[in-house]
Amino acid sequence: MHKWGMAVDLDKCTGCGACVTACHAENNIPTVGPEQAARGRAMHWLRVERYWEGDFPDVRLKFRPVMCQQCDAAPCEPVCPTYASHHTAEGLNAQIYNRCIGTRYCANACPYNVRFFDFFNPQWPKPLHLQLNPDVSVREVGVMEKCTFCVQRINAASIGAKGDKRELKDGEIQPACVQSCSARAMVFGDLNDPESEVSRLSRSPRGGKLLDDLGTLPKVTYLERQTQV
Amino acid sequence: MSAVYALYSSPDAAQRAVNGLYAAGIAQADVVVMSGEPFEAQPFAHRDSATWLWYIACLGGFVGLGFSTWLTRMTELAWPLQTGNMPIVAWWPNLIVIFELTMLGAILATVLTLFVTAKLPGRLPKLYDPEVTNGKILVGVENPAAATLPALERALMAGGAAELKRS
Amino acid sequence: MSEAYSRKLGDDLLRPLLETSWRFYLIVAVLGSIVLMGLGTWMYQMYMGFGMTGINNPIFWAFYITNFVFWIGISHAGTLISAILRLVNAGWRRPVTRCAEVITAFALMIGAMFPIIHLGRPWLFFWLVPYPSSRQIWPNFRSPLVWDFFAITTYLTGSVLFLVLPMIPDFALVRDRTTGLRRKIYGALALGWQGTPKQWHRLESAMSIMAIAIIPVAVSVHTIVSFDFSMAPVPMWHSTMFGPYFVAGAIFSGIAGLIIAMAALRKFLHLEEYLHPVHFQNLGKLLLMMSLLWGYFVFAERLTVWYGNESAEIAVLRVTQKGSFAPLYWTMVVVNFVIPVSILSIKRLRTIAGCVVASFGVLVGMWLERFLIVVPSLGHKYLPYSWGTYRPRPVELLITTSTFAAMCLLYTLFAKFVPIISIWELKVGEQEPHETAQERSARVLGEARP
């Protein structure tokens with residue numbers, strides 16, 4: 001049984017935002033427009049956080065791409081009244097759009113703020129509608145959505161491998177963000193395979209998890225230079 | 001006629017009338033008493049006070065308990081979905097639903113039993129007088145035997161301050 | 001208890017049912033139009049999309065959830081007064097019980113609307129009901145929202161029955177005093193009530209059982225509502241104290257609502273002879289006690305947070321006490337604690353007017369308290385990059401206002417069609433004191449006293 005995870009190397013990340021754009025394109029995420037974005041309703045399943053560290057002249061700039069951590073003890077899952085948010089056997093936090101009634105409890109419970117709500121029906125003015133990915137559903141107003149580790153690519157590769165009667169190779173599945181990262185800072189793979197690159201990176205001494213003291217058991221490892229304070 | 005009764009302004013007068021009817025040989029179950037408020041202090045108000053209602057309420061609670069335990073466990077196992085590292089049959093959260101449905105069972109059992117034993121909803125019987133809700137107490141006998149009628153009337157009038165009526 | 005008094009009770013307490021003034025029609029028209037406007041606003045929100053509200057990322061719950069908790073809190077009035085005072089046989093509760101129970105029933109109905117209003121897809125709210133569906137999927141019993149559904153259903157059923165059962169003998173009274181269509185309707189509502197000793201015994205037994213059952217249900221309901229917050233890992237939500245804190249706050253706001261309702265009834269329906277200043281004094285003392293209890297809970301919670309110095313929680317504490325929410329926070333402290341304690345602890349000020357002033361303050365303060373629990377915490381969770389602010393939008397303000405109008409409207413309509421004071425219970429209260437069986441039989445049978 002696979003257990004999908006990711007590793008992000010913050011020392012390589014340049015903050016270019018290609019991953020964010022690729023995520024939008026792959027997952028049919030609408031742009032909400034400047035007015036709604038100013039009201040805090042932008043829907044970036046993957047966002048790049050920018051931090052300034054240190055005082056002038058020793059200022060460092062650090063970027064951190066944050067997406068759904070697919071927590072093994074996800075606080076968003078037990079609180080959903082309709083099981084729209086639950087855990088799959090392969091370790092992903094599933095979000096079932098047509099089971100969601102929009103209570104938004106999951107978004108409140110998520111400490112990473114990676115869950116997003118469709119405040120309006122998304123619009124794709126022509127000819128942008130031609131760009132939509134047919135493998136991913138378009139969500140309607142009133143449902144929650146979030147990063148799925150590009151589950152459509154995982155499923156497609158798994159079905160293909162099964163058809164070919166072979167195992168999946170490490171690095172065969174690449175979510176859109178991983179595929180488009182110009183610095184190759186993001187790695188995706190099977191944490192249950194101790195030889196995979198993501199497993200190796202998750203054991204790195206440079207590795208740490210976001211908010212891991214909350215007990216959510218996130219599956220994204222962030223690698224960064226450890227400094228002595 | 002189908003009934004003879006009288007209306008009394010005070011509970012003591014009504015009690016005297018009831019005693020008189022017993023003395024005239026009428027059984028307790030045949031004496032009809034109606035009032036606009038309950039009178040705990042009077043013996044005539046003590047009849048029919050024994051009730052199984054408390055036990056039935058507890059029984060209703062147990063039914064609720066059993067149903068909710070079954071419901072939560074059955075539904076959680078029917079399509080087991082993993083949520084947040086919690087077990088599939090999560091006892092702590094289930095206890096809350098079990099508690100609520102237990103109480104609901106007790107409440108519904110109480111109300112249903114009340115309706116059944118108090119014969120609500122029901123038709124107003126022939127023996128009724130609107131003055132009852134105005135503060136008067138009605139004491140009477142339904143379908144009296146013609147031979148006992150004078151004795152009954154004497155008993156009812158002996159209560160004092162009464163108007164004798166027939167219906 | 002004399003027959004004349006019984007007649008007078010009937011006359012006075014049925015007058016609102018039998019006579020209607022132009023003021024009634026005006027009130028109903030004004031309140032009714034506000035309620036209709038609220039309903040229309042909700043339809044508009046559903047049609048245009050939930051984005052019409054001020055909700056954003058990360059503040060996904062705001063006004064509607066505040067209102068939900070607020071109205072469920074108000075509903076605790078009836079239970080405390082009716083059930084607890086009934087169980088301890090406090091006589092002064094008699095004119096007050098139905099006023100209180102009505103508040104509970106209507107506040108619950110209004111409060112229960114808000115979980116539906118705040119849904120992204122409200123037309124699917126019935127998926128919280130466990131029914132065998134063709135999808136073969138059931139609700140998630142681990143979710144506090146599903147617990148809410150069961151708790152509120154149970155409490156609403158129990159409260160409505162607790163309200164309606166003692167209304168039956170009063171409906172019989174109205175039936176016997178009216179003619180025509182009124183008589184038919186009230187006759188049907190009276191369910192053929194006769195008033196035999198058996199019926200009275202069953203009714204009183206049922207009321208006792210309901211009183212005992214409804215108290216733990218009421219405590220559990222607001223505890224479960226508090227679990228909506230305490231089950232989530234949000235700073236200053238994840239507190240073990242939320243259960244008792246919310247129940248105390250609910251009883252607090254409920255008593256305040258009750259005092260206001262009773263004062264209004266006393267004035268508009270001329271019930272000065274039945275709702276005496278001593279009733280308000282007693283409720284005022286309860287309100288004082290609840291204000292002190294509320295202050296205790298707030299102090300205990302905030303001291304723990306401040307002392308514990310956990311950075312995420314301190315951020316929320318700071319923003320409420322010193323930051324952007326400080327004006328609301330300190331207003332809440334003044335109207336919930338400073339003013340009520342000042343007014344209600346001085347006997348000379350504990351008049352009907354004083355109690356009403358304190359109660360209005362408490363209603364404002366308790367609404368602010370719910371708001372200050374929900375919004376600042378959501379706006380300041382664990383990742384500062386995602387902190388946010390909230391501003392209510394017109395749809396939320398309109399719907400909130402319309403629920404207050406709905407409560408007043410439902411209450412006005414109820415007082416018009418049902419005697420607002422339980423007539424038969426008042427009569428029981430006026431009965432002669434209990435004598436021993438020996439004294440009674442001696443008196444009745446005319447024998448010399450032993």
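Select C:Asp170 in this predicted model and display its surroundings. Setting aside residues up to four places away in sequence, C:Asp170 touches C:Pro419, C:Ser422, C:Ile423 and C:Trp424. The residue belongs to helix 7 of chain C. Is C:Asp170 buried or exposed? It has 26 C-beta neighbours inside 10 Å and therefore counts as buried. For a sense of distance, add C:Leu269: the two residues are 99 apart in sequence, and their C-alpha atoms are 18 Å apart in space.

Next, select C:Leu87, in helix 4 (residues 76-87) of chain C. Its contacts, not counting residues up to four places away in sequence, are C:Ala211 and C:Ile212. With 12 C-beta neighbours inside 10 Å, C:Leu87 counts as exposed. A line drawn from C:Leu87 to C:Met231, C-alpha to C-alpha, spans 34 Å, and 144 residues separate the two in sequence.

**The contacts of chain C with chains B and A**

Colour chains B and C separately and select the residues in contact between them. The selection holds 53 residues of chain C and 57 residues of chain B. On the side of chain C, the elements that give two or more residues are helix 1 (3-18), helix 6, helix 7 (167-177), helix 9 (197-230), helix 16 (423-429) and helix 17 (437-445). Which of these gives the most? Helix 9 of chain C does, with 17 residues. By class, this side of chain C divides into 25 nonpolar, 17 polar and 11 charged residues.

Now hide chain B and show chain A. Here 34 residues of chain C are in contact with 32 residues of chain A. Helix 6 (residues 144-164) of chain C supplies the largest share of the side that touches chain A, namely 3 residues. The classes on this side of chain C are 22 nonpolar, 9 polar and 3 charged.

**Chain B**

Bring chain B back and colour it by domain. Domain 1 covers 3-49 + 127-166, and domain 2 covers 53-117. The C-alpha centres of these two domains of chain B lie 46 Å apart.

Select helix 3 (residues 91-117) of chain B. From first C-alpha to last, the 27 residues of this helix reach 38 Å, close to the 39 Å expected at 1.5 Å a residue. Of these 27 residues, 19 are buried, so helix 3 of chain B is largely enclosed by the rest of the structure.

The backbone on either side of helix 3 deserves a closer view. Before the helix, B:Asn85 is found in the loop between helix 2 (53-78) and helix 3 of chain B. Phi of B:Asn85 is near 65 degrees, a positive value in a residue other than glycine. B:Asn85 has 16 C-beta neighbours inside 10 Å and so counts as partly exposed. Just after the helix, B:Lys119 takes a positive phi of about 55 degrees. Continue to B:Leu120 and B:Pro121, which are joined by a cis peptide bond with omega near -15 degrees. B:Pro121 sits in the loop between helix 3 and strand 3 (137-142) of chain B. For comparison, most residues other than glycine have a negative phi, and most peptide bonds are trans.

**Chain A**

Display chain A alone. Its secondary structure comes to 6 helices and 10 strands. The radius of gyration of chain A is 18 Å, close to the 17 Å that the globule rule gives for 229 residues, so chain A is as compact as a globular protein of that length. Taken along the principal axes, its C-alpha atoms fill a box of roughly 50 × 50 × 35 Å. Buried residues make up 45% of the 229 residues.

Select strand 10 (residues 220-223) of chain A and show its side chains. A:Val220 and A:Tyr222 point one way, A:Thr221 and A:Leu223 point the other way, and all are buried. Strand 1 (residues 4-9) of chain A pairs with strand 10 in the parallel sense over 4 bridges, whereas strand 9 (residues 207-209) pairs with strand 10 in the antiparallel sense over 3 bridges. Centre the view on A:Tyr222: A:Val8 stands opposite this residue, as does A:Gly208.

Two loop sites complete the tour. A:Pro127, in the loop between strand 6 (115-117) and strand 7 (144-146) of chain A, is joined to A:Lys126 by a cis peptide bond with omega of about 5 degrees. A:Cys150 lies in the loop between strand 7 and helix 4 (151-163) of chain A. Although not a glycine, A:Cys150 has a positive phi of about 50 degrees. A:Cys150 is buried, with 27 other C-beta atoms within 10 Å.

Note on methods:
Residues are numbered from 1 along each chain as its sequence is written. Chains are lettered from A and ligands numbered from 1 in the order in which they are written. This is a predicted model: local features need pLDDT of at least 70, side-chain atom pairs count only at pLDDT 80 or more; totals for chains, interfaces and linings use all residues. Two residues are in contact if their C-beta atoms, placed from the backbone, lie within 7 Å. Ala, Val, Leu, Ile, Met, Phe, Trp, Tyr, Cys and Pro count as nonpolar, Asp, Glu, Lys and Arg as charged, and the others, Gly among them, as polar. Domain bounds come from an automatic or database domain assignment. The radius of gyration is taken over C-alpha atoms; the globule rule is 2.2 Å times the number of residues to the power 0.38. A residue is buried if 20 or more other C-beta atoms lie within 10 Å of its own, exposed if 12 or fewer, and partly exposed in between; C-beta atoms are placed from the backbone. The expected span of a helix is 1.5 Å times one less than its number of residues. Two strands pair if DSSP finds at least two bridges between them.
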